[in-house]
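This report goes through the sheets, helices, cavities and pockets of one protein chain, and then a few local features of its backbone and aromatic side chains. The model is predicted.

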Amino acid sequence: MGRVYNFSAGPAVLPEEVLKEAADEMLDYRGTGMSVMEMSHRSKPFEQIITEAEQDLRDLMNIPDNYKVLFLQGGASQQFAMIPMNLMKNRVADYIVTGQWAKKAAKEAEKYGKVNRIASSEDQTFSYIPDCSDLPVSEDADYVYICENNTIYGTKFKELPNTKGKTLVADVSSCFLSEPVDVTKYGIIYGGVQKNIGPAGVVIVIIREDLITEDVLPGTPTMLAYKTHADAKSLYNTPPAYGIYICGKVFKWIKSQGGLEAMKEKNEKKAKVLYDFLDQSRLFKGTVVPKDRSLMNVPFVTGDADLDAKFVKEAKEAGLENLKGHRTVGGMRASIYNAMPAEGVVALVDFMKRFEEENL
């Protein structure tokens, strides 16, 4: 069987060119006679890999000099603790809860201080983004936290919340590098890479330098202090070296595609094909308020659980993989990240049209 169209939410589809290049270098990385998997993280070749990866990411996102880029482990979920440990000086933080991951992050932060949930969309199964233009931001809050793109529910902040001068912290795991971003609006912008950038095992944290201090909460493990990793240029201990190498290749691939402006344009076109069909379909319907729709994750349902299951099964047989929705929403979800080719979305819509005709 050849390559399938993989609509998984993560670990997710990677660019074919990147996989082929990695395959070519698997046994012998550029004349070193070994794979990057086998290479010392203190070696010259690896130093070049991580330095170049960071520089390419800085170029793509126009990251200012007063922000550090850290390649860490533990996934986005470890950041749920690391953020309050490093930033909760007053032991107060405001969280905007627009999905499962923001909800988990807020719960974790409660171990370290007072968490105010200043807005939420849980009342309608997280199917929209609340108005965040004038929120009751706490006077003494250390930061305001959001999950910018909600992988499970398919919503996206199109406008950042008005944090009234407080530091904004954002989890961008599922929209990382999908469109241009103004890094200066954030204190921390971070994400697990296994959705849009690389293999599971790396989380990238872009953090403003003034937030990196020795003044962390008592009992914070050495490995969970940002300063530890910033001072050691992400090489305090053995990093997820092979994952960083693949991320570096993806950064180069995005550059070759024309950067984040070009990515946004491609992603909008791809998403439009699917949303336009959903909006006129008699069988399928999207679950998200149109103005808050994500370009990356598209949940949809037929309204009948048995029919949904039949769809997922038959789609798999047609080479359209991982379309089952998250258990909290049910139905289906197509994740159409940067590396999903436009043909994949067209193939999905063609299949949906056939399925609709056969099952109405």
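## The three-stranded sheet

Three strands make up an open sheet in the order E11-E12-E14, and their pairing is antiparallel. Strand E11 (285-286) and strand E14 (332-335) are the edge strands, each of them pairing on one side only. E11 is joined by two bridges to strand E12, which covers residues 297-301, and the two strands run antiparallel. One residue pair can be named here: Gly286 has Phe300 in E12 as its bridge partner.

Helix H7, residues 259-280, lies across E11, E12 and E14. The helix runs at about 20 degrees to E12. H7 comes up again below, in the linings of the two pockets described there.

## The seven-stranded sheet

An open sheet of seven strands has the order E2-E10-E9-E8-E5-E3-E4, with mixed pairing. Its edge strands are strand E2 (67-72) and strand E4 (114-120), and each pairs on one side only. On average, neighbouring strands of this sheet are turned by 20 degrees against each other, direction ignored.

At the E2 edge, six bridges join E2 to strand E10 (residues 203-208), and these two strands run antiparallel. Within this pairing, Leu72 stands opposite Val203 in E10.

## Helices across the seven-stranded sheet

Helix H3, residues 75-87, lies across E2, strand E3 (92-97), strand E5 (144-147), strand E8 (168-171), strand E9 (188-192) and E10. Relative to E9, H3 runs at about 155 degrees.

Helix H4, residues 100-109, lies across E3, E4, E5 and E8. Its direction is at about 160 degrees to E3. Strands E3, E5 and E8 therefore appear in the lists for both helices, given that contact is taken as heavy atoms within 4.5 Å.

## The largest pocket

The largest pocket holds about 510 Å³ of space. It is lined by 30 residues, of which Lys156, Phe157, Lys158, Glu179 and Lys264 are the closest to its centre. By class, the lining has 16 nonpolar, three polar and eleven charged residues. Which element gives the most to this lining? It is H7, with five residues.

## The second largest pocket

In the second largest pocket there is about 370 Å³ of space. Its lining has 21 residues, and the closest to the centre are Asn338, Ala339, Met340, Pro341 and Ala342. Strand E1 (5-6), helix H1 (16-24) and H7 are the elements that give two or more residues to this lining.

H7 gives the most here, with five residues. The lining divides into eleven nonpolar, four polar and six charged residues.

## The cavity

How many cavities of 30 Å³ or more does the model have? The count is one. The space in the largest cavity is about 30 Å³.

The cavity is lined by Val13, Leu14, Pro15, Asn196, Val250, Trp253, Ile254, Asn338 and Ala339. Seven of these lining residues are nonpolar and two are polar, with no charged residues. Asn338 and Ala339 also belong to the residues closest to the centre of the second largest pocket.

## Aromatic pairs

The model has 13 aromatic pairs. One of them is formed by Tyr29 and Tyr245, which are edge-to-face, with 5.7 Å centre to centre and 90 degrees between the planes. This pair links distant parts of the chain, as the two residues are 216 residues apart. Tyr29 is in the loop between H1 and helix H2 (44-61), whereas Tyr245 is in helix H6 (residues 241-256).

## Local backbone features

A cis peptide bond joins Gly10 and Pro11, with omega at about -10 degrees. Pro11 is placed in the loop between E1 and H1.

Thr125 is a residue other than glycine with a positive phi, near 45 degrees. Where does Thr125 lie? Its place is the loop between E4 and E5.

Terms used
Residues are numbered from 1 along each chain as its sequence is written. This is a predicted model: local features need pLDDT of at least 70, side-chain atom pairs count only at pLDDT 80 or more; totals for chains, interfaces and linings use all residues. Side-chain values use heavy atoms; hydrogens and water are left out. Two strands pair if DSSP finds at least two bridges between them. Helices (H or I, at least four residues) and strands (E, at least two) are DSSP runs, numbered from the N terminus. Axes are lines fitted to C-alpha atoms, for helices over the stretch in contact, and angles run from 0 to 180 degrees between N-to-C directions. On a 1 Å grid over the protein atoms alone, a cavity is a set of points where a 1.4 Å probe fits but cannot get out, and a pocket is an open set with protein on both sides within 12 Å along at least five of seven lines; lining residues have an atom within 4 Å of a point. Grid points are joined across faces, edges and corners, and a volume is the space filled by probe spheres set on the points. Ala, Val, Leu, Ile, Met, Phe, Trp, Tyr, Cys and Pro count as nonpolar, Asp, Glu, Lys and Arg as charged, and the others, Gly among them, as polar. Rings of Phe, Tyr and Trp (its six-membered ring) pair if their centres lie within 6.5 Å; planes under 30 degrees apart count as stacked, over 60 as edge-to-face and the rest as tilted.
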